[in-house]
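Please look over the sequence and the model below before reading on. The paragraphs that follow start from a single residue and then widen to the chain as a whole.

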Amino acid sequence: MQTPDRIRKTGQNYYDLLEVSVNSSSQEIKESYRKLQKKYHPDIAGQEGHEHTILLNEAYTVLMKDDLRKDYDASIGHVSVGFGGDELKMGYSSWNGPFRPQALFVDEKACIGCRECVHNASKTFIMDETTGCARVKVQFGDDATRIEVAVESCPLDCIHWVEREDLAVLEYLNTPRPRQGYGVFGQGWEKPENVFMEAKTFQKHLKQQQAESLRRNARHDVEQETEAQAEARESASLKLKMERFSGFWEWMKKVSLM
């Protein structure tokens, strides 16, 4: 039987198990899960099918819960987020070694391009020659001493330690956007005046979008339930209640005879 650890070692992950992409929506994951459960039902696939359905259940449980999916995505090096119905590849920097609670982030709006951080920790920081600003290329690319010196050498304190879960959004918003203008006037590139405040607003909007998506999926599930399915669900619920009552009744009779 394949365990989750063996799955990762062989290159097969939860997304592969459910035959979906890392950017699949919850509805797509649910549909694929139901299809595969029918395919690997023990009555059809035997004992091997039974073992496979256990793995399918585990993968489904993780990928259908936002917090678990987010942690799992981070464990396989994938950082993405849904916004306005689309999936955006958010992060820029990669990681050296295991994931850690905090990460380095350069506020490019405040950076003056002095190159001190690149000079002191060249495996972690890089200069973006297009914008003339430094940025983190590899998280923890250098040892702790070099990184500390690089951070302290910044004359404007524009290198920050941020929570790992906030990094992707900050890096996404830090990317220069084309400035709207008329003809050749007023055009160019612009960045948020306060990227940290922009990130809070972005994440708030994102949570609202995700909550609305979950409500739509819930309504869709209810609408898709047929009359026969509803009757089967109610019958199963009633049977479960009767079994619980029967067990309680037997326990009461034993107590009365003591």
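Is D157 buried or exposed? In this predicted model, D157 is exposed, its relative accessible area being 57%, a value that lies on the exposed side because the cut-off for that class is over 50%. The residue sits in the loop that joins α7 to β8, and its backbone is marked by a positive phi of about 50°, although D157 is not a glycine.

A second residue invites the same kind of reading. R115, which is not a glycine either, has a positive phi of about 70°, and its place is the loop between β4 and α6. Its relative accessible area is 41%, so R115 counts as partly exposed.

R115 also leads to the interior of the model, since it belongs to the lining of the largest cavity. Rolling a probe the size of a water molecule over the atoms shows where empty space is left. When the whole structure is searched, 1 cavity of 30 Å³ or more is found, and the largest cavity has a volume of about 70 Å³. Besides R115, the residues that line this cavity are V106, C111, G113, C114, E116, C117, A134, C154, P155, C158 and I159. By class, the lining consists of 9 nonpolar residues, 1 polar residue and 2 charged residues; the charged ones are R115 and E116, while G113 supplies the polar one, because glycine is counted in that class here.

From the cavity one may turn to helix α7, which spans residues 144-153 and whose buried residues are I147, A150 and V151. Viewed down the axis of α7, these buried residues fall within an arc of 95°, so they line one face of the helix. The spacing fits a general rule: an α-helix has 3.6 residues a turn, so residues three or four places apart point the same way. On the face of α7 that is turned away from the buried side, the exposed residues T145 and E152 are found. The cover over the buried residues of α7 includes strand β4 (102-106), helix α6 (116-120), strand β5 (125-128) and strand β8 (159-163).

Strand β8 holds W161, and the contacts of this residue lead back to the helix just described. Apart from neighbours within four places in sequence, W161 is in contact with Q102, A103, L104, F140 and I147, and the last of these is one of the buried residues of α7. Between W161 and V106, which are 55 residues apart along the chain, the C-alpha atoms are separated by 8.9 Å; V106 is itself among the residues that line the largest cavity. Even with these contacts, W161 counts as partly exposed, at 41% relative accessibility.

Further along the chain, helix α9 runs over residues 195-224 and includes M197. This methionine is partly exposed, with a relative accessible area of 48%. M197 and L170 are 27 residues apart in sequence, and their C-alpha atoms lie 9.8 Å apart in space.

These local views can now be set within the whole chain. The protein chain has 10 helices and 10 strands, and of its 258 residues, 31% count as buried. Among contacts with a separation of 6 or more, 61% are between residues 24 or more positions apart. The chain exposes about 17,000 Å², of which carbon and sulfur atoms supply 54%.

Key. Residues numbered from 1 in each chain as written. Predicted model: local features only at pLDDT ≥ 70, side-chain atom pairs only at ≥ 80, totals over all residues. Heavy atoms only, no water. 1 Å grid on protein atoms, 1.4 Å probe; cavity = no way out; pocket = protein on both sides within 12 Å on 5 of 7 lines; lining within 4 Å. Points joined across faces, edges and corners; volume = space filled by probe spheres on them. Helix = DSSP H or I, 4+ residues; strand = E, 2+ residues; numbered from the N terminus. Buried < 20%, exposed > 50% of the residue type's maximum accessible area, 1.4 Å probe, protein only. Contact = heavy atoms within 4.5 Å. Areas by Shrake-Rupley, 256 points an atom, 1.4 Å probe, with all protein chains shown as cover. Arc of directions from axis to C-beta.
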